[in-house]
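The following exercises concern a single structure, and each is followed by a worked solution. Please attempt each task before reading its solution.

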Amino acid sequence: MIVAANWKMNPALDQASVLATALASQSFPKIKRILFAPHPYLVPMSVRLTSAGLEIGGQDCHFADHGAFTGDVSAAMLRDCGASLVLLGHSERRAAHGETSEIVAQKTTAAMAQNLDVMLCVGETKAERDDKKAEQVVIDQLQASIPKHAPPNRLIIAYEPVWAIGTGAVASPDDVAAMHNVIASVLAERYGANHAPSILYGGSVNADNAASLFSIPLVGGALVGGASLEAGAFAAICAAAQAANSLRVDL
Ligand code: PEP
């Protein structure tokens, strides 16, 4: 099980430091914890938290190695600042920065070339779900965003219905299970069932709904936005993941 915090453009540095202290004091040895921190915080967070067992990731990278791209960062820069992975294709970047799946694929190739793992986000809008196009949209995003030669051991998929992000609305267990099945089939076709990457759910995951989401067999963890800014809520989600993990191992 993987639980990843996406701090987005939050919090202020002093609050980030308080959160880091809390994260460092929590111990969840049976799951993987990841923090996608704002780029200016990567160095301090990696210094403070990798020794506490967290993996640190950037929230985006450019597809070029270097050059005249004001405001952007390269995959190598992320790696040199202590990141071991990068979040790509988040719906906020697809919507606000015009990132197409083809651009996401280029960024994925660049990140993997620098030995970064990639958490790649896919998900449909409310209008696409209402139009019964959700599955096709996600299939198309997967096909176009995952480069041909991307090794499965460097890839994690996060299914994030856009309408569930930051809204308090969570996809129903049946819808989550159905979409995770669709994603698993696409990945199995490409990589074989035994090598397929993990699939996380993201979208208003919190301390109250995490256990029920983690009881869905193909849900391999969560990408958490808002609740990752509260140390207690994030710890509760990690505890739910660790409990679900133990249950799966026992089974
Ligand atoms: C996210 O930003 O990826 C996310 C899932 O946010 P939230 O948990 O706040 O819905």
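**Exercise 1. Determine which residues of helix α1 are buried and how they are arranged about the helix axis.**

Solution. Step 1: the buried residues in α1 are Ala16, Leu19, Ala20, Ala22 and Leu23. Step 2: viewed down the axis of α1, the buried residues fall within an arc of 165°, so they line one face of the helix. Here the arc is that of the directions from the helix axis to the C-beta atoms. Buried means under 20% relative accessible area, exposed means over 50%, and partly exposed lies in between (1.4 Å probe, protein chains only). Helices (H or I, at least four residues) and strands (E, at least two) are DSSP runs, numbered from the N terminus.

The model is predicted: local features need pLDDT of at least 70, side-chain atom pairs count only at pLDDT 80 or more, and totals for chains, interfaces and linings use all residues. Residues are numbered from 1 along each chain as its sequence is written, and side-chain values use heavy atoms, with hydrogens and water left out.

Step 3: the face of α1 turned away from the buried side carries the exposed residues Asp14, Val18 and Ser25. Step 4: the general rule is that an α-helix has 3.6 residues a turn, so residues three or four places apart point the same way.

**Exercise 2. State how many residues α1 has and compare its reach with the expected span.**

Solution. Step 1: α1 (residues 13–25) has 13 residues. Step 2: the expected span of a helix is 1.5 Å times one less than its number of residues, and for α1 this is 18 Å. Step 3: from its first C-alpha to its last, α1 reaches 19 Å, close to the expected value.

**Exercise 3. Describe how strand β2 pairs with β1 and β3, and give the handedness of the units that they form.**

Solution. Step 1: strand β1 (residues 2–6) pairs with β2 in the parallel sense over 5 bridges. Two strands pair if DSSP finds at least two bridges between them. Step 2: β2 also pairs in the parallel sense with strand β3 (residues 54–58), over 4 bridges. Step 3: Arg33 in β2 is the bridge partner of Val3, and Leu54 in β3 is the bridge partner of Arg33. Step 4: β1, α1 and β2 make a right-handed β-α-β unit, and β2, helix α2 (residues 42–49) and β3 make a right-handed one as well. A crossover is right-handed if, with the strands pointing away from the viewer, the path from the first strand over the helix to the second runs clockwise. Step 5: 4 of the 5 residues of β2 (residues 32–36) are buried, so this strand is largely enclosed by the rest of the structure.

**Exercise 4. Establish how strand β6 is covered and which strands pair with it.**

Solution. Step 1: all 5 of the 5 residues of β6 (residues 155–159) are buried, so the strand is largely enclosed by the rest of the structure. Step 2: Leu155, Ile157 and Tyr159 are buried on one side of β6, and Ile156 and Ala158 on the other. In general, the side chains of a regular strand alternate between the two faces of the sheet. Step 3: β5 pairs with β6 in the parallel sense over 5 bridges, with Ile157 as the bridge partner of Leu120. Step 4: β6 pairs with strand β7 (residues 199–202) in the parallel sense over 3 bridges, and Tyr159 stands opposite Tyr201 in β7. Step 5: the chain crosses from β6 through helix α8 (residues 173–191) to β7 in a right-handed β-α-β crossover.

**Exercise 5. Find the unusual backbone angles in the loop between β1 and α1.**

Solution. Step 1: as a general guide, most residues other than glycine have a negative phi, and most peptide bonds are trans. Step 2: Lys8 is in this loop, and its phi is near 55°, a positive value in a residue other than glycine. Step 3: Pro11 lies in the loop too, and the peptide bond from Asn10 to Pro11 is cis, with omega near -20°.
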